[in-house]
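Student: I am new to this structure, and I would like to understand how the words used to describe it are justified. Could we go through them one at a time?

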Amino acid sequence: MGNSGTFKRSLLFSALSYLGFETYQVISQAVLVHAAAKVFEIEEVLEQADYLYESGETEKLYQLLTQYKESEDAELLWRLARASRDVAQLSGTSEEEKKFLVYEALEYAKRALEKNESSCAAHKWYAICIGDVGDYEGVKAKIANAYIIKEHFEKAIELNPKDATSIHLMGIWCYTVAEMPWYQRRIAKVLFATPPSSTYEEALGYFHRAEQVDPNFYSKNLLLLGKTYLKLHNKKLAAFWLTKAKDYPAHTEEDKQIQTEAAQLLGGFSDKN
């Protein structure tokens, strides 16, 4: 009888162990299936997001991505930063909403960078968003941020030398620093032993490099090539690039604004002749 009881207990223990193992397997498989489904869902959202971005559906894109604002996926987060910024720049966005969106975009970009420091896009959008926030934080903060912005644009280019946008943005950094007003230069000299410096020639080099990597990729690059040549007093080449900017097919609100600015600058040539 004693042996029979021991055998039954042993049998029961084996059965429970087996059931426990089976339960573990079921749970493990469920976790893997859930993880795979989540990855598939994110990939699907990214595809939708890229389609909406290419279609110029700024507000729809923002509405889609904000549903996933708690995500820890760097690819989704930098796209959300871009979407927030794009909505901020719409003509119908109030100043109060714009400020909120600009700071929101920076937070998303910061999280994207924390999740993946090897992401070219995360570095790029973090730098862009820091630049936008500088408009609300005064000259001192803006000058201090210039060093951080440059560092992240350079890192983005290092990670992906074929990303025309990062190269273009490095050109904008050079152009902006080159045309820094005298009072900002004075502040920079007081605050920093070596204030940020650049030239129009350096800016021009980046704009041309971006164009070589991806010709006609962005209307603003064409406009800035024209404006930089104007700064360098080369009207012939300025007119060439400004005409290309004016004739660029307008897909976004920004493209339309660039067309208008390019036409006005070209009109200035005619007025002076």
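**Reasoning from values to terms**

Tutor: Let us begin with a pair of charged side chains in this predicted model: lysine 231 and glutamate 179 meet in a salt bridge, with 3.7 Å from N to O.

Student: What makes the contact of lysine 231 and glutamate 179 a salt bridge?

Tutor: The term asks for a side-chain nitrogen of Lys or Arg within 4 Å of a carboxyl oxygen of Asp or Glu, and because the N to O distance here is 3.7 Å, the pair qualifies. Lysine 231 lies in helix H10 (residues 219-231) and glutamate 179 in the loop between H7 and helix H8 (182-191), so the salt bridge ties together parts that are 52 residues apart in sequence.

Student: Why is lysine 231 called partly exposed?

Tutor: Its relative accessible area is 36%, and since buried means under 20% and exposed over 50%, that value falls in between. Glutamate 179, also with 36%, is partly exposed by this reasoning.

Student: How do you know that aspartate 163 and lysine 124 form a salt bridge, and are these residues buried or exposed?

Tutor: Their closest N and O atoms are 3.0 Å apart, which is within the 4 Å cut-off. Aspartate 163 has 13% relative accessibility and lysine 124 has 8%, and because buried means under 20%, both residues count as buried. Aspartate 163 is in the loop between H6 and H7, whereas lysine 124 is in helix H5, so this pair ties together parts 39 residues apart in sequence.

Student: Why is glutamate 158 called exposed?

Tutor: Its relative accessible area is 54%, and exposed means over 50%. Glutamate 158 meets lysine 155 in a salt bridge at 3.4 Å, N to O, and since these two residues are 3 apart in helix H6, about one helical turn separates them.

Student: What makes the pair of tyrosine 175 and tyrosine 200 edge-to-face?

Tutor: The ring centres lie 5.5 Å apart, which is within the 6.5 Å asked of a pair, and the planes stand at 70°, which is over 60 degrees, so the pair is called edge-to-face. Tyrosine 175 belongs to helix H7 (residues 164-178) and tyrosine 200 to helix H9 (residues 200-213), 25 residues apart, and both tyrosines are buried.

Student: Why is the pair of tyrosine 103 and tyrosine 136 called tilted?

Tutor: With 6.1 Å centre to centre the rings do pair, but the 50° between their planes is neither under 30 degrees nor over 60, and therefore the pair counts as tilted.

Conventions: Residues numbered from 1 in each chain as written. Predicted model: local features only at pLDDT ≥ 70, side-chain atom pairs only at ≥ 80, totals over all residues. Heavy atoms only, no water. Phe/Tyr/Trp six-rings, centres within 6.5 Å; stacked < 30°, edge-to-face > 60°. Helix = DSSP H or I, 4+ residues; strand = E, 2+ residues; numbered from the N terminus. Buried < 20%, exposed > 50% of the residue type's maximum accessible area, 1.4 Å probe, protein only.
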